[in-house]
Amino acid sequence: MTSTTLLSRWRALVALLILALQAASCGGGTDLLAGVGSGGTGGGTTTDSFSLGAIRGFGSVIVNGVRYDDTTAAITSDDGLTLTRDALRLSMVVEVRGPVDGTGTDGVATRIRVVSEARGVVQSVSPTAGQFVVLGMPVQVSAATVFDGVGSLAGLAPGQTVEVYGFFDRASRSLSATRVELRTEALSRYKVHGLVGTVDPRSRSFLFGGLVVDYSAALQVGLGAGPAPGVEVRVSAAAAPATDGVWRVDRIEAVQAPDYGGA
């Protein structure tokens, strides 16, 4: 790769990062772990890019300060379902791939993947602490969190079913919610993102937030020899946890850092 190509890629990446930081400072909050990346095109007027962040506006779709034309984008969920543009909502977290122009402010989305961090039944609500618990995982909300189907955190109640969009914070071992949706239909999948706690290899189970996860029948993805304490994972199942606090899951996937390389 020539030095000219490398310089072009770095300039595009720096421009996109600056725009993302400016958008966060003006938008009433920063998305944890959100970011943009550049794949480079060899010095052309557009740059292939990857962006991870919450949707901050429409008229196309705005993510990390970049307005992406989503007219021809292939849109999917992290469950592998095909979605339409009408399914996109404010403050959903998405991965966007596609070329961005030389200004770093306008792009064309070729692929959009909607990513939620939890889907399940609310176990407890603490308005004074600004959080609720779903599938054993604390979910922090803020003034910037968008609620759909319920007016605010105070309107949530144990037993309701929600889907949470946002980012996982390793330091607090909690989710930071950008969007919380009340779900009224019967769920076909329950899921949540968090850290593996103490592991009992004999029973093939581990502590996970306020639950015990039984992974004896689970498909394991990217975990090598198996779950280990401190590993960041997404766990899911067709059924909710049992009343004894044990969740028998059918899939555990190690969470990898986003690939900010090519589009």
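Two strands are said to pair if DSSP finds at least two bridges between them. I begin with that definition because the hairpin I wish to show you rests on it: strands S14 and S15 form a hairpin with four residues between them, and the pairing criterion is at least two bridges. Please keep in mind throughout that the model before us is predicted.

Let us look at this hairpin in detail. Strand S14 covers residues 161-169, and strand S15 covers residues 174-183. The two strands run antiparallel to each other and are paired over nine bridges. Within this pairing, Val164 stands opposite Val180 of S15. In the turn, Arg173 has a positive phi of about 55°.

S14 has a further partner. Strand S10, residues 118-126, pairs with S14 in the antiparallel sense over four bridges. Here Ala118 stands opposite Val164. Val164 therefore faces a residue in S10 and a residue in S15, each pairing meeting the criterion of at least two bridges.

Is S14 enclosed by the rest of the structure, or left open? Eight of its nine residues are buried, so S14 is largely enclosed. To be called buried, a residue must have under 20% relative accessible area.

The hairpin also contributes to a pocket. The second largest pocket holds about 400 Å³ of space. Which elements give two or more residues to its lining? They are S14 and S15, and S15 provides the largest share, three residues. The lining has 22 residues in total, and those nearest the centre of the pocket are Leu83, Arg119, Glu163, Tyr165 and Arg183. By character, the lining divides into 11 charged, eight nonpolar and three polar residues.

Next, I turn to a loop residue, Thr145. Thr145 is found in the loop between strand S12 (137-140) and strand S13 (146-148). With a relative accessible area of 8%, Thr145 is buried, because the cut-off is under 20%. What does its side chain reach? The side chain of Thr145 reaches the backbone oxygen of Ala177 at 2.7 Å. The same side chain also reaches the backbone nitrogen of Ser142, at 3.0 Å.

A separate sheet deserves attention as well. This open sheet has four strands in the order S17-S18-S19-S22, and its pairing is mixed. Its edge strands, each of which pairs on one side only, are S17 (199-200) and S22 (246-248). Strand S19, residues 211-214, pairs with S22 in the parallel sense over three bridges. In that pairing, Val212 has Val246 as its bridge partner.

Following the chain past S22 brings us to Val249, in the loop between S22 and strand S23 (251-254). Val249 is buried, with a relative accessible area of 3%. The C-alpha atoms of Val249 and Ala218 are separated by 5.9 Å, although these residues are 31 residues apart along the chain.

Finally, I come to the nonpolar cores. In soluble globular proteins, nonpolar side chains tend to be buried together. Which residues touch the most other members of the largest nonpolar core? In this core of 37 residues, they are Phe132, Val192, Val235, Trp247, Val249 and Ile252. Apart from this core lies another, of 21 residues, including Val63, Val100, Ala109 and Phe167.

To close, I return to two residues: Val164, opposite Val180 in the hairpin, and Val249, buried in its loop. Thank you for your attention.

How values were computed: Residues numbered from 1 in each chain as written. Predicted model: local features only at pLDDT ≥ 70, side-chain atom pairs only at ≥ 80, totals over all residues. Heavy atoms only, no water. 1 Å grid on protein atoms, 1.4 Å probe; cavity = no way out; pocket = protein on both sides within 12 Å on 5 of 7 lines; lining within 4 Å. Points joined across faces, edges and corners; volume = space filled by probe spheres on them. Nonpolar A, V, L, I, M, F, W, Y, C, P; charged D, E, K, R; others polar. Buried < 20%, exposed > 50% of the residue type's maximum accessible area, 1.4 Å probe, protein only. Core = buried A, V, L, I, M, F, W, Y, C linked by side-chain atoms within 4.5 Å. Polar contact = N/O pair within 3.5 Å; in protein donor to acceptor, adjacent residues only side chain to side chain.
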